[in-house]
Amino acid sequence: MDISEKLQKQIIDAARDNQSLRIIGNNTKAFYGRSENDHGNAMAVPLNVAKHSGILDYQPTELTITARAGTPLNEIIDLLAEHQQMLPFEPPVFDNRATFGGCVASAFAGPRRPWTGAVRDYLIGTRILTGEGKEIRLGGKVMKNVAGYDLFRPMAGALGTLGLMLDITMKLLPLPEQEVSYCMDTDTNNMRQILRDLRRRSMPVSGASFHQEQFLLRLSGSITSIDDATNYLPAEMKATGMGYWQELNEHRLSFFDDSNPLYRLVVPANAPYDTISGECIADWGGALRWIKTPLQFNEVQQLASDLGGTASIYRNGTPGEEVFSPLPDQLLDLHKRIKKVMDPAGILNPGRLYRDL
């Protein structure tokens with residue numbers, strides 16, 4: 001269903017009345033970002049995109065798909081699977097309720113991300129409505145038509161603050177011929193050594209997680225490449241079910257069932273694990289760390305910075321407080337200038353990323 005005209009009118013009316021808008025699909029990511037109750041957003045009017053749904057163009061031979069922002073993500077994933085293709089960054093689907101637009105706006109990526117790439121790496125075009133209701137198209141529908149400045153890429157992770165995405169075009173990858181999962185009890189040093197050995201041999205790693213002295217490894221590729229890789233695994237590594245990776249990606253593990261702040265750290269994969277007190281699940285081979293700790297956010301941010309990375313509060317932040325790492329002044333100024341161009345009145349999800357954006 002195409003409701004772009006209705007959405008455009010809502011934005012034009014809101015800009016005229018200086019009325020803030022809260023963009024939502026199926027609201028599966030309401031927990032993410034700064035609290036909408038702060039900075040005047042309690043009065044924001046919902047702008048619901050869920051009914052703007054449907055797959056517009058799918059070219060299996062070109063490895064591209066175009067769909068409206070409200071299209072259920074699982075609908076796209078199921079269609080791609082019929083043609084042995086996939087969204088390479090493995091986004092969570094949140095009980096099959098996540099939408100295509102929310103997938104891009106949040107830029108959430110799963111365990112496969114370090115080996116296949118991020119959301120923005122596969123975004124090749126989008127049609128958007130600016131904060132004035134102007135319709136513009138950024139990028140193209142196939143890779144050969146994507147030229148000039150990549151002005152569409154900032155839409156990935158912008159949480160709707162730069163414009164309302166109507167249609168989105170993504171590049172795809174073939175599904176791996178086979179996937180297998182292994183686990184073993186070990187320490188982080190041994191895990192890193194195993195991953196280094198596999199990387200040196202260009203083996204098809206697609207997931208590497210560590211929690212409570214247990215290392216879990218996923219391999220994805222051709223049957224031949226996986227058979228080859230298993231020859232280099234320690235004898236202690238045993239085959240295990242594939243279900244863990246979806247449970248991790250969807251945050252359905254018992255670790256995530258907690259009302260306290262959940263910190264998300266992105267750090268060098270070889271950074272020490274014992275710097276921050278508390279319980280930790282490492283994903284992305286150690287580069288992504290989910291941490292529960294009694295430490296305050298500013299303390300976690302400083303420790304993450306000392307490790308050469310950044311920290312954010314993924315879930316259960318304090319209303320009105322920042323949840324992402326502070327931006328350097330020059331970068332914050334750049335963000336403000338882009339926001340001013342795309343959303344002059346500042347009505348689209350104001351304060352969702354940072355208080356001043």
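This is a dialogue about reading cores, pockets, cavities and salt bridges in a predicted model.

Student: Where should I begin with the interior, and which residues have the most contacts inside the largest nonpolar core?

Tutor: A nonpolar core is a set of buried residues joined through their side-chain atoms. In this predicted model, the largest such core has 82 residues, and those with the most contacts inside it are Leu-164, Met-170 and Leu-265. Strand β8, which runs over residues 164-171, gives the most to this core, with five residues. Apart from this core lies another, of 19 residues, among them Met-184, Ile-194, Phe-210 and Ile-226.

Student: What is Leu-265 in contact with, once its neighbours within four places in sequence are left aside?

Tutor: Its partners include Ile-276, Ala-287, Leu-288, Ile-291, Val-300, Ala-304 and Ala-311, and Arg-289 and Thr-310 are also in contact with Leu-265.

Student: How should I read the largest pocket, and which residues lie nearest its centre?

Tutor: A pocket is an open set of grid points with protein on both sides along most of the lines tested, so its lining is read as the residues with an atom close to those points. Here the largest pocket has a volume of about 1000 Å³, and of the 33 residues that line this pocket, Tyr-32, Ala-107, Arg-120, Ala-156 and Gly-157 lie nearest its centre. Helix α10 gives the most to the lining, with five residues, while α5, β14, β17 and α10 each supply at least two. By class, the lining of the largest pocket has 22 nonpolar, seven polar and four charged residues.

Student: What lines the second largest pocket?

Tutor: The second largest pocket holds about 570 Å³ of space, and 23 residues line it, the closest to its centre being Ile-77, Glu-90, Pro-91, Arg-112 and Gln-246. Helix α2, residues 73-82, gives the most to this lining, with five residues, and α2, β5 and α8 each supply at least two. Sorted by class, the lining of the second largest pocket has 11 nonpolar, six polar and six charged residues.

Student: Is Glu-90 buried or exposed?

Tutor: Glu-90 counts as buried because its relative accessibility is 15%, and the cut-off for buried is under 20%. Glu-90 has its place in the loop between β5 and α3. Leaving out residues up to four places away in sequence, Glu-90 touches Ala-109, Gly-110, Pro-111, Arg-112, Arg-218 and Asn-249.

Student: How many cavities of 30 Å³ or more are there, and what lines the largest?

Tutor: A cavity is a space where the probe fits but cannot get out. The count comes to five cavities of 30 Å³ or more, and the largest has a volume of about 380 Å³. Of the 27 residues that line the largest cavity, the closest to its centre are Ile-23, Ile-24, Gly-25, Gly-102 and Ala-105. The largest share of this lining, four residues, comes from α3, and the residues of the lining divide into 10 nonpolar, 12 polar and five charged.

Student: Which residues are closest to the centre of the second largest cavity?

Tutor: About 140 Å³ of space lies in the second largest cavity, which is lined by 14 residues, and Ala-109, Asn-249, His-251, Trp-290 and Tyr-314 are the closest to its centre. Both α8 and β16 supply at least two residues of this lining.

Student: How many salt bridges are there, and what is the idea behind them?

Tutor: Side chains of opposite charge can pair when their charged atoms come close. The structure holds 17 salt bridges. In one of them Glu-179 pairs with Arg-112, the closest N and O atoms being 3.0 Å apart. Glu-179 lies in strand β10 and Arg-112 in the loop between α3 and α4, so this pair ties together parts that are 67 residues apart in sequence. Arg-112 is buried, with a relative accessible area of 7%, whereas Glu-179 counts as partly exposed at 29%.

Student: Where do Asp-13 and Arg-16 lie?

Tutor: Asp-13 and Arg-16 both lie in helix α1, three residues apart, which is about one turn of the helix. Their side chains meet in a salt bridge with an N to O distance of 3.3 Å, and Arg-16 counts as exposed at 60% relative accessibility.

Notes. Residues are numbered from 1 along each chain as its sequence is written. This is a predicted model: local features need pLDDT of at least 70, side-chain atom pairs count only at pLDDT 80 or more; totals for chains, interfaces and linings use all residues. Side-chain values use heavy atoms; hydrogens and water are left out. A nonpolar core is a set of buried Ala, Val, Leu, Ile, Met, Phe, Trp, Tyr and Cys residues joined through side-chain atoms within 4.5 Å. Buried means under 20% relative accessible area, exposed over 50%, partly exposed in between (1.4 Å probe, protein chains only). Contact means heavy atoms within 4.5 Å. On a 1 Å grid over the protein atoms alone, a cavity is a set of points where a 1.4 Å probe fits but cannot get out, and a pocket is an open set with protein on both sides within 12 Å along at least five of seven lines; lining residues have an atom within 4 Å of a point. Grid points are joined across faces, edges and corners, and a volume is the space filled by probe spheres set on the points. Ala, Val, Leu, Ile, Met, Phe, Trp, Tyr, Cys and Pro count as nonpolar, Asp, Glu, Lys and Arg as charged, and the others, Gly among them, as polar. A salt bridge is a side-chain nitrogen of Lys or Arg within 4 Å of a carboxyl oxygen of Asp or Glu.
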